[in-house]
Amino acid sequence: MIRGLYIAATGMLAQNRRQDVIANNLANVTTTGFKRDSTATTPFADMLVSNLGVPGTPQVGTLSLGAQVSGITTVTSAGAVSSTGNQLDVALLGSGWISVDAQGGRRYTRGGHLEADAKGTLLAGGSPVEGVNGKPIVIDPNSGPVTIAPDGTVTQEGQTKGRLRIASLDPATVKKEGESLVAGTETGTPTAVVKQGHLEASNVNTVTEMVELIEVMRAFEANQKAALAHSETLQDAVTKVGAVR
(Lines give C-alpha, C1' and ligand atoms only; values in the text may rest on other atoms or scores of the structure.)
Protein backbone atom coordinates (compact mmCIF):
# COMPACT_ATOMS: atom_id res chain seq x y z
CA MET A 1 0.00 0.00 0.00
CA ILE A 2 2.88 2.36 0.73
CA ARG A 3 4.21 1.62 -2.75
CA GLY A 4 0.83 2.61 -4.15
CA LEU A 5 1.11 6.00 -2.48
CA TYR A 6 4.58 6.52 -3.95
CA ILE A 7 3.42 5.54 -7.45
CA ALA A 8 0.43 7.90 -7.27
CA ALA A 9 2.70 10.67 -5.98
CA THR A 10 5.18 10.30 -8.86
CA GLY A 11 2.25 10.49 -11.26
CA MET A 12 1.05 13.74 -9.71
CA LEU A 13 4.56 15.22 -9.80
CA ALA A 14 4.93 14.33 -13.49
CA GLN A 15 1.58 15.90 -14.36
CA ASN A 16 2.45 19.00 -12.34
CA ARG A 17 5.65 19.42 -14.39
CA ARG A 18 3.69 18.99 -17.62
CA GLN A 19 1.25 21.65 -16.44
CA ASP A 20 4.12 24.10 -15.84
CA VAL A 21 5.38 23.60 -19.40
CA ILE A 22 1.91 24.04 -20.91
CA ALA A 23 1.32 27.18 -18.82
CA ASN A 24 4.58 28.65 -20.11
CA ASN A 25 3.56 27.86 -23.69
CA LEU A 26 0.21 29.58 -23.23
CA ALA A 27 1.85 32.59 -21.57
CA ASN A 28 4.00 33.08 -24.68
CA VAL A 29 1.34 32.53 -27.32
CA THR A 30 1.80 36.15 -28.50
CA THR A 31 5.60 36.26 -28.12
CA THR A 32 7.29 36.83 -31.48
CA GLY A 33 9.32 33.83 -32.65
CA PHE A 34 8.57 31.80 -29.51
CA LYS A 35 8.95 28.02 -29.83
CA ARG A 36 6.73 25.80 -27.71
CA ASP A 37 8.11 23.12 -25.39
CA SER A 38 6.97 19.52 -25.26
CA THR A 39 7.40 17.03 -22.41
CA ALA A 40 8.21 13.33 -22.64
CA THR A 41 6.90 11.12 -19.83
CA THR A 42 8.36 7.67 -19.18
CA PRO A 43 7.83 5.05 -16.46
CA PHE A 44 10.48 4.20 -13.91
CA ALA A 45 12.15 0.82 -14.35
CA ASP A 46 9.84 -2.06 -13.38
CA MET A 47 10.55 -3.94 -10.17
CA LEU A 48 10.42 -7.75 -9.95
CA VAL A 49 8.07 -8.90 -7.19
CA SER A 50 8.56 -12.27 -5.47
CA ASN A 51 6.49 -14.08 -2.85
CA LEU A 52 8.80 -14.27 0.16
CA GLY A 53 6.26 -16.27 2.20
CA VAL A 54 6.49 -19.31 -0.09
CA PRO A 55 9.52 -21.64 -0.20
CA GLY A 56 11.61 -20.98 -3.26
CA THR A 57 10.29 -17.37 -3.41
CA PRO A 58 8.37 -17.75 -6.66
CA GLN A 59 8.13 -14.69 -8.87
CA VAL A 60 4.77 -12.93 -8.82
CA GLY A 61 5.52 -10.53 -11.67
CA THR A 62 6.68 -6.98 -12.22
CA LEU A 63 5.54 -3.79 -10.54
CA SER A 64 5.83 -0.31 -12.04
CA LEU A 65 7.21 2.34 -9.70
CA GLY A 66 5.44 5.27 -11.32
CA ALA A 67 6.16 7.86 -14.00
CA GLN A 68 8.52 10.74 -14.51
CA VAL A 69 9.11 13.57 -16.98
CA SER A 70 12.20 12.30 -18.78
CA GLY A 71 12.85 15.39 -20.84
CA ILE A 72 11.59 18.69 -22.20
CA THR A 73 12.24 19.45 -25.86
CA THR A 74 11.76 22.62 -27.86
CA VAL A 75 9.59 22.25 -30.96
CA THR A 76 11.34 24.32 -33.64
CA SER A 77 8.60 24.29 -36.29
CA ALA A 78 7.88 27.68 -37.87
CA GLY A 79 5.05 29.92 -36.76
CA ALA A 80 2.74 31.97 -38.95
CA VAL A 81 4.23 35.03 -40.66
CA SER A 82 2.37 38.34 -40.74
CA SER A 83 3.09 41.75 -42.22
CA THR A 84 3.95 44.65 -39.90
CA GLY A 85 5.22 47.31 -42.30
CA ASN A 86 8.12 48.05 -39.94
CA GLN A 87 11.38 48.31 -41.89
CA LEU A 88 13.38 46.70 -39.05
CA ASP A 89 11.06 43.72 -38.63
CA VAL A 90 12.27 40.53 -40.29
CA ALA A 91 10.92 36.99 -40.50
CA LEU A 92 12.87 33.91 -41.51
CA LEU A 93 11.13 31.72 -44.07
CA GLY A 94 12.72 28.30 -43.74
CA SER A 95 15.34 26.74 -41.50
CA GLY A 96 17.68 29.12 -39.71
CA TRP A 97 18.27 31.39 -36.73
CA ILE A 98 19.51 34.98 -36.43
CA SER A 99 22.85 35.14 -34.60
CA VAL A 100 23.29 37.70 -31.84
CA ASP A 101 26.14 38.64 -29.53
CA ALA A 102 24.50 38.06 -26.14
CA GLN A 103 26.03 38.50 -22.70
CA GLY A 104 26.88 34.81 -22.49
CA GLY A 105 28.33 34.65 -26.00
CA ARG A 106 26.79 33.85 -29.36
CA ARG A 107 23.11 33.04 -29.13
CA TYR A 108 20.29 32.67 -31.65
CA THR A 109 16.73 33.91 -32.10
CA ARG A 110 13.75 33.75 -34.44
CA GLY A 111 12.32 36.91 -32.92
CA GLY A 112 12.93 39.31 -35.79
CA HIS A 113 11.71 42.53 -34.16
CA LEU A 114 14.98 44.45 -34.57
CA GLU A 115 15.69 47.80 -32.99
CA ALA A 116 18.49 50.35 -33.32
CA ASP A 117 20.04 51.90 -30.23
CA ALA A 118 21.31 55.49 -30.01
CA LYS A 119 24.50 54.52 -31.86
CA GLY A 120 22.60 52.70 -34.60
CA THR A 121 23.54 49.17 -33.52
CA LEU A 122 20.85 46.69 -34.51
CA LEU A 123 19.50 44.77 -31.52
CA ALA A 124 17.34 41.66 -31.19
CA GLY A 125 16.00 40.97 -27.71
CA GLY A 126 18.43 43.57 -26.36
CA SER A 127 21.51 41.88 -27.88
CA PRO A 128 23.54 43.16 -30.87
CA VAL A 129 22.75 41.39 -34.14
CA GLU A 130 25.82 39.75 -35.67
CA GLY A 131 26.89 40.20 -39.25
CA VAL A 132 28.55 37.46 -41.30
CA ASN A 133 31.90 38.93 -40.23
CA GLY A 134 31.02 38.35 -36.57
CA LYS A 135 30.72 42.07 -35.84
CA PRO A 136 27.55 44.00 -34.94
CA ILE A 137 25.58 45.59 -37.76
CA VAL A 138 25.40 49.38 -37.36
CA ILE A 139 23.13 51.74 -39.27
CA ASP A 140 22.79 55.53 -39.18
CA PRO A 141 19.75 56.30 -36.99
CA ASN A 142 19.51 59.77 -38.52
CA SER A 143 19.74 58.68 -42.14
CA GLY A 144 17.25 57.31 -44.66
CA PRO A 145 15.24 54.07 -44.78
CA VAL A 146 16.84 50.67 -44.30
CA THR A 147 16.46 47.83 -46.77
CA ILE A 148 17.02 44.19 -45.80
CA ALA A 149 17.38 41.83 -48.76
CA PRO A 150 16.23 38.17 -48.81
CA ASP A 151 19.83 37.06 -48.18
CA GLY A 152 20.00 39.31 -45.09
CA THR A 153 22.06 42.12 -46.62
CA VAL A 154 21.33 45.42 -44.85
CA THR A 155 21.64 48.57 -46.94
CA GLN A 156 20.92 52.22 -46.24
CA GLU A 157 20.93 54.89 -48.94
CA GLY A 158 22.85 52.58 -51.26
CA GLN A 159 25.51 51.71 -48.70
CA THR A 160 25.89 48.14 -47.42
CA LYS A 161 25.88 48.07 -43.64
CA GLY A 162 26.38 44.32 -43.28
CA ARG A 163 24.58 41.03 -43.74
CA LEU A 164 22.65 39.14 -41.08
CA ARG A 165 24.43 36.00 -39.92
CA ILE A 166 21.89 33.19 -40.29
CA ALA A 167 22.84 29.86 -38.68
CA SER A 168 21.36 26.37 -38.82
CA LEU A 169 21.05 24.60 -35.46
CA ASP A 170 20.73 20.94 -34.52
CA PRO A 171 17.13 20.81 -33.16
CA ALA A 172 18.18 18.34 -30.45
CA THR A 173 20.62 20.89 -28.99
CA VAL A 174 18.31 23.92 -28.90
CA LYS A 175 18.05 25.24 -25.34
CA LYS A 176 16.10 28.34 -24.32
CA GLU A 177 17.79 31.10 -22.34
CA GLY A 178 15.10 33.78 -22.08
CA GLU A 179 14.38 36.92 -24.13
CA SER A 180 13.53 34.61 -27.08
CA LEU A 181 17.21 33.61 -27.23
CA VAL A 182 18.42 30.03 -27.51
CA ALA A 183 21.75 28.26 -27.41
CA GLY A 184 22.58 25.37 -29.70
CA THR A 185 25.09 23.57 -31.88
CA GLU A 186 25.41 24.84 -35.42
CA THR A 187 25.12 22.22 -38.13
CA GLY A 188 24.43 22.12 -41.84
CA THR A 189 23.49 25.04 -44.06
CA PRO A 190 20.53 27.31 -43.30
CA THR A 191 17.82 27.57 -45.96
CA ALA A 192 16.02 30.57 -44.47
CA VAL A 193 15.08 33.55 -46.60
CA VAL A 194 14.74 36.92 -44.88
CA LYS A 195 11.43 38.75 -45.38
CA GLN A 196 11.55 42.41 -44.38
CA GLY A 197 8.53 44.07 -42.81
CA HIS A 198 7.20 40.79 -41.41
CA LEU A 199 7.35 38.90 -38.12
CA GLU A 200 7.05 35.23 -37.26
CA ALA A 201 4.44 34.49 -34.61
CA SER A 202 4.72 31.90 -31.85
CA ASN A 203 4.19 28.29 -32.96
CA VAL A 204 1.93 27.67 -29.94
CA ASN A 205 -1.57 26.45 -30.85
CA THR A 206 -3.90 27.63 -28.09
CA VAL A 207 -6.52 24.95 -28.72
CA THR A 208 -3.96 22.13 -28.64
CA GLU A 209 -2.43 23.45 -25.44
CA MET A 210 -5.83 23.75 -23.75
CA VAL A 211 -6.72 20.17 -24.71
CA GLU A 212 -3.41 18.97 -23.25
CA LEU A 213 -4.05 21.01 -20.11
CA ILE A 214 -7.41 19.30 -19.61
CA GLU A 215 -5.73 15.93 -20.14
CA VAL A 216 -3.10 16.79 -17.52
CA MET A 217 -5.74 17.88 -15.01
CA ARG A 218 -7.69 14.66 -15.42
CA ALA A 219 -4.57 12.53 -15.06
CA PHE A 220 -3.60 14.48 -11.94
CA GLU A 221 -7.07 13.93 -10.46
CA ALA A 222 -6.89 10.20 -11.21
CA ASN A 223 -3.58 9.91 -9.37
CA GLN A 224 -4.97 12.02 -6.54
CA LYS A 225 -7.93 9.66 -6.15
CA ALA A 226 -5.58 6.66 -6.16
CA ALA A 227 -3.49 8.24 -3.41
CA LEU A 228 -6.63 8.98 -1.37
CA ALA A 229 -7.86 5.38 -1.77
CA HIS A 230 -4.52 4.02 -0.54
CA SER A 231 -4.56 6.46 2.37
CA GLU A 232 -8.03 5.34 3.43
CA THR A 233 -6.99 1.68 3.15
CA LEU A 234 -3.99 2.34 5.39
CA GLN A 235 -6.19 4.14 7.87
CA ASP A 236 -8.57 1.17 7.99
CA ALA A 237 -5.63 -1.20 8.48
CA VAL A 238 -4.42 0.83 11.45
CA THR A 239 -7.77 1.54 13.13
CA LYS A 240 -9.86 -1.54 12.31
CA VAL A 241 -7.78 -4.59 11.36
CA GLY A 242 -5.74 -4.56 14.54
CA ALA A 243 -8.57 -3.52 16.87
CA VAL A 244 -9.35 -5.81 19.82
CA ARG A 245 -13.04 -6.35 20.51
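A residue counts as buried when its relative accessible area is under 20%, as exposed when that area is over 50%, and as partly exposed in between. In this predicted model, Lys176 has a relative accessibility of 27% and is therefore partly exposed. Asp37, by contrast, is at 12% and so falls among the buried residues. The side chains of these two residues come together in a salt bridge, with an N to O distance of 3.2 Å. The partners belong to distant parts of the chain: Asp37 sits in strand S1 (residues 37–43) and Lys176 in strand S16 (residues 175–176), 139 residues apart.

The salt bridges of the model number ten, and two further pairs are worth a visit. In one of them, Glu200 and Arg110 meet through their side chains at 2.9 Å, N to O. Glu200 is part of strand S19 (residues 198–200), whereas Arg110 lies in the loop between S8 and S9, so that this pair, too, links distant parts of the chain, 90 residues apart. Both ends of the bridge are buried: Glu200 has a relative accessibility of 1%, and Arg110 a relative accessible area of 5%.

The other pair is Arg106 and Glu186, whose closest N and O atoms are 3.9 Å apart. Because Arg106 is in strand S8 (residues 105–109) and Glu186 in the loop between strand S17 (181–183) and strand S18 (193–196), their bridge ties together parts that lie 80 residues apart in sequence. Here both partners are partly exposed, Arg106 with a relative accessible area of 35% and Glu186 with a relative accessibility of 33%. Shared partners join Arg106, Glu130, Arg165 and Glu186 into one salt-bridge network.

Turning to the nonpolar interior, the largest core holds 20 residues, of which Val129 and Leu164 touch the most other members. At least two residues of this core come from each of strand S6 (90–93), strand S7 (97–102), S10 and strand S12 (146–148). S7 gives the most, with three. A separate core of six residues includes Trp97, Tyr108, Leu169 and Val182. Beyond residues up to four places away in sequence, Leu164 touches Val129, Val132, Ile137, Ile148, Val154 and Val194, as well as Gly152 and Glu130.

Finally, Thr121 occupies the loop between strand S9 (114–116) and strand S10 (122–124). With a relative accessible area of 13%, Thr121 is buried. Its contacts, neighbours within four places in sequence aside, are Glu115, Ala116, Pro128, Pro136, Ile137 and Val138.

Terms used. Residues are numbered from 1 along each chain as its sequence is written. This is a predicted model: local features need pLDDT of at least 70, side-chain atom pairs count only at pLDDT 80 or more; totals for chains, interfaces and linings use all residues. Side-chain values use heavy atoms; hydrogens and water are left out. Helices (H or I, at least four residues) and strands (E, at least two) are DSSP runs, numbered from the N terminus. Buried means under 20% relative accessible area, exposed over 50%, partly exposed in between (1.4 Å probe, protein chains only). Contact means heavy atoms within 4.5 Å. A nonpolar core is a set of buried Ala, Val, Leu, Ile, Met, Phe, Trp, Tyr and Cys residues joined through side-chain atoms within 4.5 Å. A salt bridge is a side-chain nitrogen of Lys or Arg within 4 Å of a carboxyl oxygen of Asp or Glu.
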